[in-house]
Amino acid sequence: MGKIVGAAVVCHQPAIMAPREFRERLGQGADTSMIAGFTLVREAIDTVQADTLVIFDTHWMTTVEHIYAGADRYTGIYTSDELPLLITDHEYDYAGAPALARAIEGTAKERNIPALNCTNTRVAQHYPTLNVLHYLKKGGKVEERVLSVGSCQTAQKHNFLDFGAALSAAIDRTDGRVVLLASGGMSHTFWPLDTIFDHSAYTTDNVRSPEARAMDERIIDLWQDGDHASVIDLHTEYLPFNPEGQFGHYLMMVGALGGRACKARGRKMSNYENAVGTGQVHMWFDV
């Protein structure tokens, strides 16, 4: 019987893929804490002896159903069409999690949840998955099986939670030790183009507004208290601050952990930071 052995909200902001010199220039002399944070996330994954990573990818936008990539293996070369100067000719090679993908087909169908197991190996890759895997490699390789999951842009809170619950039921039917990684930011409004590089430092005074920063910090506090019911209840109030992917990455993760009943306490594995207006953090949850 499979088991969820850990979970985390993780940052994938593209500057992490740049050389340190570039990152420190953006940070006005200071590097982002996300790089060191990934070392802590890696250690946490090793501690729970995970063999499978489920990555909720906030850039893989779907429309009429939940979609996840269920082929045996994904290999290729990726260049970001958003930021080709930062992520270019990035080679990727990771094993999929086809048995888990097939199991989700069953549990989603039983619950009347629209979901598609996409086994086409040429399905587009996105950097919320690839950036995270880049930093979680061991010996230059991704050791775990990986299931990348899209974010349905027409889904509402209950849809994300329901899909997470179906995922959890599917994990029960397999034999994996699974870590859930919600790859996305918090409040997500960028500064205008004319001033965006005036706000590139990672300090939180550069988050887009004091109100957005306050809401991010409120949610981080609730995560650290293990009060996921309150975070779920805050979702409608959070939406005006444009949480990345409607916060679907977190909602699917917590749906798999029991939804409102989840009491997993969060441990920060990075600072809470700015990325050109958006709020970012690595937060690990012991389950």
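What volume does the largest cavity have? In this predicted model, the largest cavity has a volume of about 50 Å³. Two cavities of 30 Å³ or more are counted in total, and both are described here together with the largest pocket, a helix pair and a loop proline.

The wall of the largest cavity is made by His90, Glu91, Tyr92, Asp93, Tyr94, Leu130, Leu133, His134, Lys137 and Val142. Strand E5 (90-95) and helix H4 are the elements that contribute two or more residues to this lining, and E5 supplies the largest share, with five residues. Sorted by class, the lining holds five nonpolar, two polar and three charged residues.

The second largest cavity encloses about 40 Å³ of space. Around this cavity lie Asp57, Trp60, Ala69, Tyr94, Ala124, Gln125, His126, Thr129 and Ser148. Its lining is divided into four nonpolar residues, four polar residues and one charged residue. Tyr94 is worth finding in the structure, since this residue appears in the lining of the largest cavity and again in that of the second largest.

Helix H4, met above at the largest cavity, also packs against another helix. Two packed helices are described by the angle between their axes and by the distance between those axes. For helix H2 (residues 34-47) and helix H4 (residues 127-136), the angle is about 75° and the axes are 9 Å apart. The two helices are therefore roughly perpendicular to each other, as an angle from 65 to 115 degrees is classed in this way. On the H2 side, the contact is formed by Ile35, Phe38, Val41, Arg42 and Ile45; on the H4 side, Val132, Tyr135 and Leu136 take part. Seven nonpolar residues and one charged residue make up this contact, with no polar residue among them.

H4 is mostly covered, with nine of its 10 residues buried. The buried set consists of Tyr127, Pro128, Thr129, Leu130, Asn131, Val132, Leu133, Tyr135 and Leu136. Several of these names have already come up: Leu130 and Leu133 line the largest cavity, Thr129 lines the second largest, and Val132, Tyr135 and Leu136 meet H2.

The largest pocket offers about 510 Å³ of space. A total of 24 residues line this pocket, and those closest to its centre are Gln13, Pro14, Leu83, Leu86 and Val276. Two or more lining residues come from each of helix H1 (20-26) and strand E11 (278-280). By class, the pocket lining comprises 15 nonpolar, seven polar and two charged residues.

A further region of interest is the loop between helix H8 (235-238) and helix H9 (248-256), where Pro243 is found. Is this proline buried or exposed? Pro243 has a relative accessibility of 5% and so counts as buried, the cut-off for buried being under 20%. Leaving aside residues up to four places away in sequence, Pro243 touches Met186, Ser187, His188 and Tyr238. Thr195 lies 48 residues from Pro243 along the chain, and the C-alpha atoms of the two are separated by 21 Å.

Helix H9, which follows this loop, is largely enclosed by the rest of the structure, because nine of its nine residues are buried. These are Gly248, His249, Tyr250, Leu251, Met252, Met253, Val254, Gly255 and Ala256. Just after H9, Gly258 adopts a positive phi of about 115°.

Methods: Residues are numbered from 1 along each chain as its sequence is written. This is a predicted model: local features need pLDDT of at least 70, side-chain atom pairs count only at pLDDT 80 or more; totals for chains, interfaces and linings use all residues. Side-chain values use heavy atoms; hydrogens and water are left out. On a 1 Å grid over the protein atoms alone, a cavity is a set of points where a 1.4 Å probe fits but cannot get out, and a pocket is an open set with protein on both sides within 12 Å along at least five of seven lines; lining residues have an atom within 4 Å of a point. Grid points are joined across faces, edges and corners, and a volume is the space filled by probe spheres set on the points. Helices (H or I, at least four residues) and strands (E, at least two) are DSSP runs, numbered from the N terminus. Ala, Val, Leu, Ile, Met, Phe, Trp, Tyr, Cys and Pro count as nonpolar, Asp, Glu, Lys and Arg as charged, and the others, Gly among them, as polar. Axes are lines fitted to C-alpha atoms, for helices over the stretch in contact, and angles run from 0 to 180 degrees between N-to-C directions. Angles under 35 degrees count as roughly parallel, over 145 as roughly antiparallel, 65 to 115 as roughly perpendicular and the rest as oblique. Contact means heavy atoms within 4.5 Å. Buried means under 20% relative accessible area, exposed over 50%, partly exposed in between (1.4 Å probe, protein chains only).
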